[in-house]
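Trainee: Got a minute to walk through this one with me? I'd like to get a feel for the fold before I set anything up.
Mentor: Sure, pull it up and ask away.

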Amino acid sequence: MIFDQNQILKIIKDNPLNTIKLLLLSKGEVTQSRIFVSNWDLFDFLEKLKASNDFDTMFIAAKTAPKIVETRSFMDGKLLKYLGLITYDEDKIPENITLFYKSAAKLQKISAPFFLFKEPKKNEFCDNPTAAFFTSESASTSIAENIKLAEDAGFSITDTFVISEQSLKNGINRMTELLKDVPLEHGVIVFSDSSASLLAKLEEKTSRTILSRDDLIISIFNARAEGTGGKLKLASAVVAKEKANFRKKITGLSRIKGGIGLKGPGETKEEERKRILKNKEKNVRKQLENEFSRLDFQRKFRKRSQIATVAVVGYTNAGKSTLFNALLNEEATKESNKFFSSIDPKIRKFSLFGKPLFLLDTVGFISNMSNDITDAFNSTFSEIAASDLILHIIDSTEKGWEERKRFVENLLIENGCDKHSIVPLFSKKGKIKIKRPLRSGFFYDATDPEDITKIKKFLYKKLTEKEEFQLSL
Ligand SMILES: Nc1nc2c(ncn2[C@@H]2O[C@H](COP(=O)(O)OP(=O)(O)OP(=O)(O)O)[C@@H](O)[C@H]2O)c(=O)[nH]1
Ligand SMILES: [Mg+2]
């Protein structure tokens with residue numbers, strides 16, 4: 001039972017018509033009720049509403065309820081379990097309810113007369129492993145992004161909790177206490193913002209599978225890596241993590257995605273782990289060296305051929321592969337609305353108005369990765385740094401695009417890229433209503449052939465300018 005319909009009806013009926021009523025509920029009980037006279041007042045309130053455990057369900061009742069997209073854009077993703085939009089007729093009796101609830105990666109919709117709505121049975125809709133998600137009050141990463149990471153890693157988030165600063169300060173004992181309330185049916189517990197060592201201790205103490213943001217990233221890499229480049233990124237990230245003594249956590253991961261290796265005769269668990277880790281490290285290092293010299297050879301070959309290389313880079317899900325495919329006019333690499341959908345680097349030679357060019361699609365970046373994972377990107381950084389031009393794709397529909405832009409730029413510069421070679425391009429222009437003025441770069445939509453031609457012309461001009469410049473030196 002997510003709410004008592006009669007109780008909700010009574011509160012709504014007391015409401016003057018033509019106003020908007022908002023109800024916040026926690027475990028079926030109304031915790032807050034407010035009236036707004038316009039959508040703008042409502043949105044203003046929603047924008048300031050902090051994620052907390054004080055509510056898990058929100059109802060908005062109005063003669064014409066605001067659109068789901070508008071409402072959700074203020075809620076920083078899917079912290080709510082249920083969001084109900086209720087419309088009612090002149091007699092103030094709710095007529096319809098549109099209820100959205102989370103099921104796997106999708107937001108499911110039910111529209112029904114108010115009185116007939118029934119709570120969907122969980123197991124009817126969730127075929128994915130379920131997880132509970134914890135975030136701290138001062139989380140430095142976006143809640144929506146963390147939940148999307150968990151979902152892209154294959155989990156269905158069914159509960160969300162916000163941990164207070166005080167609980168975090170009280171450390172392991174308080175956190176163990178909190179986890180007691182999480183039903184056992186949640187196979188996995190995800191923490192967005194706590195240190196890996198704290199989580200390893202917590203996992204040991206509670207005997208539950210606990211994953212950090214890094215674990216989610218590694219687990220997505222694990223599922224997506226197909227080619228050598230991607231697999232090596234995954235392997236070096238896993239080994240670095242194991243080396244940093246997070247063996248307990250990796251056992252948790254391997255429960256989800258297959259085992260690590262075979263146990264030799266007469267070994268203790270500890271010796272076995274040490275041996276596996278040593279072998280893996282040796283193996284990965286050798287393969288990384290091979291990969292590095294292979295890429296280095298290719299880079300030298302490209303330089304000798306005097307053909308320019310253009311790298312497409314950016315935050316994950318920004319639109320890199322979509323632009324790559326659009327410029328090549330073929331489906332050369334995978335594009336999808338998932339994080340890290342293409343982690344294997346792709347390079348293609350193509351002709352730009354008769355001028356040959358190498359175009360490079362790269363793995364996406366994400367903020368708050370530990371150094372262990374960032375190290376796995378080293379070969380990608382070398383490839384980008386050696387390019388003649390770097391197209392930095394920024395998703396213009398993202399709320400935090402400025403931060404993401406700064407994050408990627410700093411990462412590139414720290415890893416040897418020349419900041420003068422970086423050109424910002426703002427994707428998904430068709431999806432934003434207000435275009436902000438830009439100091440450099442421009443908005444485009446990969447689905448618009450005119451925009452693609454514009455980018456091609458821009459590239460041609462930029463690269464020929466560079467050539468002339470080099471000739472005149
Ligand atoms: N409307 C619109 N959608 C876009 C545009 N560019 C990308 N998308 C969509 O955004 C999503 C992510 O695009 P991708 O090209 O896979 O993003 P990416 O940067 O390669 O992402 P990763 O490889 O996962 O890091 C996909 O659903 C694309 O269809 C654009 O210019 N306009
Ligand atoms: Mg991609």
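Trainee: Let's start with Ser321 and Ser342: buried or exposed?
Mentor: Both Ser321 and Ser342 are buried. Keep in mind that this is a predicted model.

Trainee: Okay, and what coordinates the magnesium ion?
Mentor: The magnesium ion, ligand 2, is coordinated by Ser321 through OG and by Ser342 through OG, at 1.9 to 2.1 Å.

Trainee: Where do Ser321 and Ser342 sit in the chain?
Mentor: Ser321 is in helix H13, residues 320–328, while Ser342 is in the loop between H13 and strand E12 (346–352). They are 21 residues apart, so the pair links distant parts of the chain.

Trainee: Switching to strands. Why is E11 described as largely enclosed?
Mentor: Strand E11 covers residues 308–314, and seven of the seven are buried, so the rest of the structure largely encloses it.

Trainee: Which residues are on each side of E11?
Mentor: One side has Ala308, Val310, Val312 and Gly314, and the other has Thr309, Ala311 and Val313. Every one of those is buried, so both faces are covered. As background, side chains in a regular strand alternate between the two faces of the sheet.

Trainee: And which strands does E11 pair with?
Mentor: One is E13, residues 355–361, which pairs with E11 in the parallel sense over five bridges. Another is E14, residues 389–395, also parallel to E11 and joined to it by five bridges. Ala311 is a handy marker: its bridge partner in E13 is Leu360, and in E14 it stands opposite Ile390.

Trainee: Now the sheet with E7 in it. What's the strand order?
Mentor: The order is E8-E7-E9-E10, four strands in an open sheet with parallel pairing. At the edges are E8 (156–163) and E10 (209–211), each pairing on one side only. From one strand to the next, the twist averages 25°.

Trainee: How many bridges are there between E7 and E9?
Mentor: Four, with E7 (residues 130–136) and E9 (residues 188–191) running parallel. Within that pairing, Phe133 in E7 has Val190 in E9 as its bridge partner.

Trainee: What about helix H8, what does it touch?
Mentor: H8, residues 196–206, packs on the sheet and touches E9 and E10. Its direction makes about 165° with that of E10.

Trainee: And where does H5 lie?
Mentor: H5, residues 143–152, lies across E7 and E8, and it runs at about 155° to E7.

Trainee: At what angle do H5 and H9 cross?
Mentor: Roughly 40°, with the axes of H5 and H9 (residues 213–224) coming within 9 Å. That makes H5 oblique to H9. The crossing is left-handed.

Trainee: Which residues in H5 and H9 meet?
Mentor: On the H5 side you have Glu145, Asn146, Leu149, Ala150 and Asp152, and they meet Arg213, Leu216, Ile217, Ile220 and Arg224 in H9.

Trainee: Last one, Ile163. Which strand is it in, and is it buried or exposed?
Mentor: Ile163 lies in E8. With a relative accessible area of 2%, Ile163 falls under the 20% cut-off, so it counts as buried.

Trainee: What is Ile163 in contact with?
Mentor: Setting aside neighbours within four places in sequence, Ile163 contacts Phe134, Thr135, Ser136, Glu137, Leu168, Leu178 and Phe191. Take Ser136: it and Ile163 are 27 residues apart in sequence, but their C-alpha atoms are 4.6 Å apart in space.

Note on methods:
Residues are numbered from 1 along each chain as its sequence is written. Chains are lettered from A and ligands numbered from 1 in the order in which they are written. This is a predicted model: local features need pLDDT of at least 70, side-chain atom pairs count only at pLDDT 80 or more; totals for chains, interfaces and linings use all residues. Side-chain values use heavy atoms; hydrogens and water are left out. Buried means under 20% relative accessible area, exposed over 50%, partly exposed in between (1.4 Å probe, protein chains only). Helices (H or I, at least four residues) and strands (E, at least two) are DSSP runs, numbered from the N terminus. Two strands pair if DSSP finds at least two bridges between them. Axes are lines fitted to C-alpha atoms, for helices over the stretch in contact, and angles run from 0 to 180 degrees between N-to-C directions. Contact means heavy atoms within 4.5 Å. Donors are N, O and S atoms within 2.8 Å of the metal (3.2 Å for Na, K and Ca); water is not among the atoms, so sites may look incomplete. Angles under 35 degrees count as roughly parallel, over 145 as roughly antiparallel, 65 to 115 as roughly perpendicular and the rest as oblique. A crossing is left-handed if the near helix is turned anticlockwise from the far one by less than a right angle, and right-handed if clockwise.
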